[in-house]
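I opened this notebook page to follow how two chains meet, beginning with one chain by itself and ending at the core.

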Amino acid sequence: MTAAWMNGSQSWCWPVARRSGDGAPARCRSWITADRVVGTKLAATATSRVDRRGSPRRLPGCDHSASGPAFVDIPLDAFGPADVDLDAIGAEAVAAPGANPASLRRDAVARVAKLVSKAQRPVLLAA
Amino acid sequence: MRAFVEQSRVPTFVNGMGRGLLPADHALAFSRARSLALKQADLVLVAGTPLDFRLGFGRFGDAQVVHLCDAASQVATHAELAASTAGDLASTFATLAESGAPASTHDDWATRLRDDEERSAPRRSRLLAADSAPIKPTRIYGELRSGSTAMRS
């Protein structure tokens, strides 16, 4: 994915690129894989076809505005509730579930300590 | 966590969300020897992260696995665990530090992992200083590292 700011959009898009000199367009795994950006066009958005009157906006150095990478615009707010009232969510809902130290079972910790002391090649993965 | 790691001399790897829990230049902080560590470890403690596909669903060869979580609902039920804890992770590590293994028990193991990390150092240095065009992403890290080193000194 790459940002669609090249088209003046604030949302994200999938690039469909055409390499300079190639016949068929190919979707790029990475923007860098395109040898040269020869043009840009917005193919569609997630919810509608593109209003062609406003696009494409040509990139500096583009040879053809009608060829080169095509962008499918996917506005992120089209998929999720962007109108959630965050103030309505109580503090208890966002508190860490183990925030209360008293909830820790000491016998379980002692068992872990015993395993660590007996281990020859222990590793800790923390995230 | 740092007190436990230093007291028990346990080699430690941190994922992205755990970055900063242990300084990257700490004697017990490792990153590139992860593959060797997880293959040869006899005990793997996983703290604060699920045992999902990113961690092989909690299977690390023949190693015993311990899952340290901040809530009982987060403890893996699909993996065979030697032990688990549920509760405040800071308290968990503090308690472990109080009752951990004697220091230096695992120093040979840590040295092996450090040797493995050092073996890849020349290749890493080349990537960090790569002068190719288009620029290698590793070069960015190399420049940031030299910049941050200069800021610290």
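These entries go from the fold of chain A to its contacts with chain B and then to the nonpolar core.

I first noted that the model is predicted, and I kept this in mind throughout.

I looked up the secondary structure of chain A and found two helices and five strands, which follow the order β-β-β-β-α-α-β along the sequence. Of the 127 residues in chain A, 23% are buried. For contacts in chain A between residues at least 6 apart in sequence, I noted that 61% join residues at least 24 apart.

I then turned to the contacts between the chains, where 29 residues of chain A are in contact with 47 residues of chain B. On the side of chain A that touches chain B, the elements giving two or more residues are α2 (106–118) and β5 (122–126) of chain A, and α2(A) gives the largest share, with 10 residues. By class, I recorded 20 nonpolar, five polar and four charged residues on this side of chain A.

Next I checked the strand pairing across the chains: β5(A) and strand β1 (residues 12–14) of chain B run parallel and are joined by three bridges, with Leu124(A) opposite Thr12(B).

Last, I looked into the largest nonpolar core, which has 44 residues, and in which Leu125(A), Val44(B), Leu45(B) and Val46(B) touch the most other members. Strand β3 (residues 43–47) of chain B gives the most to this core, namely five residues. For Leu45(B), setting aside neighbours within four places in sequence, I listed contacts with Pro122(A), Leu124(A) and Leu125(A), and with Val66(B) and Leu68(B).

Terms used
Residues numbered from 1 in each chain as written. Chains lettered and ligands numbered in written order. Predicted model: local features only at pLDDT ≥ 70, side-chain atom pairs only at ≥ 80, totals over all residues. Core = buried A, V, L, I, M, F, W, Y, C linked by C-beta atoms within 7 Å. Buried ≥ 20, exposed ≤ 12 C-beta atoms within 10 Å, placed from the backbone. Helix = DSSP H or I, 4+ residues; strand = E, 2+ residues; numbered from the N terminus. Contact = placed C-beta atoms within 7 Å. Nonpolar A, V, L, I, M, F, W, Y, C, P; charged D, E, K, R; others polar. Pairing = 2+ DSSP bridges.
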